[in-house]
Amino acid sequence: MGEEAAAVAAAGVRPELVREAEVSLLECKVCFERFGHWQQRRPRNLPCGHVVCLACVAALAHPRTLGLECPFCRRACRACDTSDCLPVLHLLELLGSTLHASPGALSAAPFAPGTLTCYHAFGGWGTLVNPTGLALCPKTGRVVVVHDGKRRVKIFDSGGGGAHQFGEKGDAAHDVKYPLDVAVTNDCHVVVTDAGDCSLKVFDFFGQIKLVVGKQFSLPWGVEITPHNGVLVTDAEAGTLHLLEADFPEGVLRRIERLQAHLCSPRGLAVSWLTGAIAVLEHPCAFGRTGCNNIRVKVFNSTMQLIGQVDSFGLNLLFPSKVTASAVTFDHQGNVIVADTSGPAIVCLGKPEEFPALKPIITHGLSRPVALAFTKENSLLVLDTASHSIKVFKVMEGNGG
């Protein structure tokens, strides 16, 4: 208690107010555990206004229907209708998590093994405007982002500085009208999907246009590079997945092959360089009824056989907090990682053959994550479109439990 009292005094907080907050505001009144930022102890608002921790929401909810009753006023709701209680989370940040947690609690949470911590961010409003896509150059480690600025492709060095840009906004064939996603080839060419004229555009790293592939697509969206330097592209409107092979320095398209048809509005895309697996994010209701947030993750092996599949509805049966996937990638062990805009959070789904093995790895510090990329050093880059920035997460010293 001596160290805690000293920390409270140093922070200028009256100890009696802290104790009152601990009892009245920062404890779940169902399990009497202290709220926290880590997943199971996050404070959740029920629609009636009462607040309980996420673990208690999961315990109270029916395993199939997710229905539950508020333990205080008995109002019926569903687990997926709950939301983070931001005032309590902000109060936790204000008081500081180290003031009240016991040494045993700190060793168990919030940093479970594999949990990542943000240690750096770059970009920001003015540097980036409503960014939509993120990629890493395999050779140089430079970070490439597409956004809504006057020049729509921006390149940062690996530390987030030294940005240069190209891809003028305009109506010429080589201009970038409305970029959705970006990838970088093994020989450092930048590939952009442009919804403005439904084309794929390839630039060298200095911004010189090399190739424009149009007419083959209805709405090209996600783009990714294979280990053999092929280009994978999803067509959200046609419901297809294509493989392109080209001589990028010469600007010559060698061939284009349709790998998959009958997909449901495929957007996000990822390739595992460990296994060759391909993950696709489908939005089944994108061109149908509005208000549908059921997003499906499909994973194919290198011969395009389906090896794993899960959707938002299935995840919500296992996990009380709604999961709305906005981006997908693979980590270096072949696990599927998705960005969740409902959390907001970054969630590991496990290996495709084991779907779903749900494990949140980032649960705070994000606003609206829309793109993901792992560096060779195993740091995770998250493109946060709400803060117009790239946030860099890694496992910090001492966070492994």
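**Exercise 1. In this predicted model, determine how β28 and β29 are connected and which turn residue has a positive phi.**

Solution.
Step 1. Strands β28 and β29 make up a hairpin, with four residues between them.
Step 2. Within that turn, histidine 388 has a positive phi of about 55°.
Step 3. The pairing of β28 with β29 (residues 389-394) is antiparallel and comprises five bridges.
Step 4. One bridge pair can be named: leucine 383 is partnered by isoleucine 390 in β29.

**Exercise 2. Describe how β27 is joined to β28, and state where leucine 383 finds its partner in this pairing.**

Solution.
Step 1. β27 (residues 369-374) runs antiparallel to β28, and five bridges join the two.
Step 2. Leucine 383 of β28 is the bridge partner of alanine 371.
Step 3. The connection is a hairpin with five residues between the strands. Asparagine 378, in the turn, has a positive phi of about 75°.
Step 4. Leucine 383 therefore has a bridge partner in β27, alanine 371, and another in β29, isoleucine 390, with its burial resting on a relative accessible area under 20%.

**Exercise 3. Decide whether the residues of β28 are buried or exposed, face by face.**

Solution.
Step 1. β28 spans residues 380-384, and five of its five residues are buried.
Step 2. On one side lie Leu380, Val382 and Asp384, each of them buried.
Step 3. On the other side lie Leu381 and Leu383, also buried. Both faces of β28 are thus covered.

**Exercise 4. Characterise the surroundings of serine 199.**

Solution.
Step 1. Serine 199 belongs to strand β13 (residues 199-203).
Step 2. Serine 199 is classed as buried because its relative accessibility is 2%, and the class requires a value under 20%.
Step 3. The side chain of serine 199 makes a polar contact of 2.7 Å with the side chain of aspartate 197.
Step 4. With neighbours within four places in sequence set aside, the contacts of serine 199 are Val192, Thr193, Asp194, Val212, Val213, Gly214 and Pro220.

**Exercise 5. Find which residues are linked in a network of salt bridges, and classify the lysine 201 pair by accessibility.**

Solution.
Step 1. The whole structure holds 14 salt bridges.
Step 2. The network links Lys177, Asp194, Asp197 and Lys201.
Step 3. Between lysine 201 and aspartate 194, the closest N and O atoms are 2.8 Å apart.
Step 4. Lysine 201 is buried because its relative accessible area is 0%. Aspartate 194 is likewise buried, at 0% relative accessibility.
Step 5. For another pair, take aspartate 148 and arginine 152, whose side chains form a salt bridge at 2.9 Å, N to O. Here aspartate 148 is partly exposed at 35% relative accessibility, while arginine 152 is buried at 2%.
Step 6. Aspartate 247 and arginine 254 form a further salt bridge, with closest N and O atoms 3.4 Å apart. Arginine 254 counts as exposed, at 55% relative accessibility.

**Exercise 6. State how many disulfides the structure has, and check cysteine 31 and cysteine 77.**

Solution.
Step 1. A search of the whole structure gives zero disulfides.
Step 2. For cysteine 31, the nearest cysteine sulfur is that of cysteine 56, 3.7 Å away. The cut-off is 2.5 Å, so a pair at that distance does not count.
Step 3. Cysteine 31 is partly exposed, at 28% relative accessibility.
Step 4. For cysteine 77, the nearest cysteine sulfur belongs to cysteine 48 and is 6.6 Å away, and cysteine 77 is in no disulfide.
Step 5. Cysteine 77 is buried, at 13% relative accessibility.

Methods:
Residues are numbered from 1 along each chain as its sequence is written. This is a predicted model: local features need pLDDT of at least 70, side-chain atom pairs count only at pLDDT 80 or more; totals for chains, interfaces and linings use all residues. Side-chain values use heavy atoms; hydrogens and water are left out. Buried means under 20% relative accessible area, exposed over 50%, partly exposed in between (1.4 Å probe, protein chains only). A polar contact is a pair of N or O atoms within 3.5 Å; within protein, one must be able to donate a hydrogen and the other to accept it, and residues adjacent in sequence count only if both atoms are side-chain atoms. Contact means heavy atoms within 4.5 Å. Two strands pair if DSSP finds at least two bridges between them. A salt bridge is a side-chain nitrogen of Lys or Arg within 4 Å of a carboxyl oxygen of Asp or Glu.
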